[in-house]
Amino acid sequence: MSNSINRRDFIKSGAALGGAATVGGLWPNIAIGQSGKIKVGLMLPYTGTFAQLGVAIENGFRLYLQEKGGKIAGREIEFFKVDDESDPAKAPENTNKLIQRDKVDLIVGTVHSGVAMGMIKLTRESGTLHIIPNAGAGAATGALCAPNVFRSSFSNWQAIYPLGKHVYDKGQKTAVWITWKYGAGEEAGQGFKEGFVKAGGKILKELYLPFPNVEFQALLTEIASIKPDAVACFFAGGGGAKFIKDYAAAGLKGKIPLYSSFLTDGVLEAVGNDAEGIETTMHYGDALNTKKDNAFRLGYAKAFKMQPDVYAVQGYDAAQLFAIGLEAVKGDINNKAGIIKAMEAAKIDSPRGAWTMSKAHNPIQDIYLRKVVGKENKVIGVAHKALADPARGCKMA
Ligand code: PHB
């Protein structure tokens, strides 16, 4: 049987020939799980404030596939795409499109923590293999961890926890925290606060606005009146770019240093000089100058005519992770236990640097300290070596 016939066609053609017994008689040695295309569902934001992030993740995934000649473990990949719009209310319906309608073998999704929580509920129930290529929701690899759910990115706590100590060590003893009021913003706030307060710092105020609102003016005025030593925030994508610009326009740049995790990723072309000097912690950065990263960046720039960012790396690593699983079972997608076992033992040779999988299925990875210099999130140090998320409440950990 040719590789280009997918599983549904195979079953259909079997039915046309008179049922299962005939199929077995015609192709006695071919198990259904080892032939045909593998169906990969991409549930990502393609519109809204995180649209660029979704595109970068898909690009990263496709780049890896391209490097492998379009096949993983000898199997072609067929994509099924859903725009989740970063809307948690639509998460159940969108996830079910992929699980029930398209019957995908793997779901890769998503960016927004609230949407990811809606997805997990259904992928846990159905047992569909699920790789989260961004969303940092703690519960995904914490209280709601599951054998079939993996993350190729970070936890909201993990990316920013090391920042608190760094800010304090720079001599800034008080801070205001500002973010969108939803899972990722709140969990990032807890992570920053934990590190900052443990070091001796004091949070003067926490400021929130609804996701994906970008009317920052009133809150920036409030920050100016509080006069903290530092401001730390969680914003990302288009909303992040607007925050950087508004912070400078409000006259705060150069007066009160601004810190974050994701704020400056994928937006430096758009914000010009307004981001110069912003320090962030993150599991990827520019100018790492390793063999693996240099090759990745060259390949990405060639394929997509733009520079990769942390989101592209997470998409690339989602594909690498899946490939490790599928290759271990020689392409037999029905051997889910074998795939999971190999993914759990994976050592990922990532553009970010090598990482391993925690028992809760979250990367154990170095968190870098970065500073915006020109158009780069330049890596200036390692803020925390091989940091693992505490995986609170995960029974597998
Ligand atoms: C999240 O919602 O978990 C999230 C979104 C965008 C980011 C990081 C985390 O850049």
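Here are three short exercises on a ligand and the protein around it, worked on a predicted model.

**Exercise 1. Find which residues come nearest to the ligand, and sort the shell around the ligand into nonpolar, polar and charged.**

Step 1: Start with the neighbours. There are 16 residues around the ligand, and the ones that come nearest are Ser113, Gly136, Tyr182, Ala236 and Tyr311.

Step 2: Now sort the shell. You get 11 nonpolar residues, 5 polar ones and no charged ones.

**Exercise 2. Look for polar atoms of Tyr311, Gly136 and Val111 by the oxygen atoms of the ligand, then work out how much of the ligand the protein covers.**

Step 1: We're after pairs of N or O atoms within 3.5 Å. Try Tyr311: a polar atom of its side chain is 2.7 Å from a ligand oxygen.

Step 2: Go on to the backbone. Gly136 has a backbone N or O atom 3.0 Å from an oxygen of the ligand, and for Val111 a polar backbone atom is 3.4 Å from a ligand oxygen.

Step 3: Check the cover. On its own the ligand has 280 Å² of accessible area, and the protein covers 100% of that. As for the site, the ligand sits in the largest cavity.

**Exercise 3. Place the ligand relative to the two domains: why does it lie between them?**

Step 1: Split the chain. The domain assignment gives domain 1 as 7–154 + 288–363 and domain 2 as 157–282.

Step 2: See how the domains sit. Their C-alpha centres are 32 Å apart, and 18 residues of domain 1 are in contact with 16 residues of domain 2.

Step 3: Bring the ligand back in. Domain 1 and domain 2 both give residues to the shell around the ligand, so the ligand lies between them.

Note on methods: Residues are numbered from 1 along each chain as its sequence is written. This is a predicted model: local features need pLDDT of at least 70, side-chain atom pairs count only at pLDDT 80 or more; totals for chains, interfaces and linings use all residues. Side-chain values use heavy atoms; hydrogens and water are left out. A residue is near a molecule or strand if one of its heavy atoms lies within 4 Å of it. A polar contact is a pair of N or O atoms within 3.5 Å; within protein, one must be able to donate a hydrogen and the other to accept it, and residues adjacent in sequence count only if both atoms are side-chain atoms. Accessible areas come from the Shrake-Rupley method with a 1.4 Å probe; for residues, only the protein chains shown count as cover. On a 1 Å grid over the protein atoms alone, a cavity is a set of points where a 1.4 Å probe fits but cannot get out, and a pocket is an open set with protein on both sides within 12 Å along at least five of seven lines; lining residues have an atom within 4 Å of a point. A molecule sits in a cavity or pocket if more than half of its atoms lie within 2 Å of its grid points. Ala, Val, Leu, Ile, Met, Phe, Trp, Tyr, Cys and Pro count as nonpolar, Asp, Glu, Lys and Arg as charged, and the others, Gly among them, as polar. Domain bounds come from an automatic or database domain assignment. Contact means heavy atoms within 4.5 Å.
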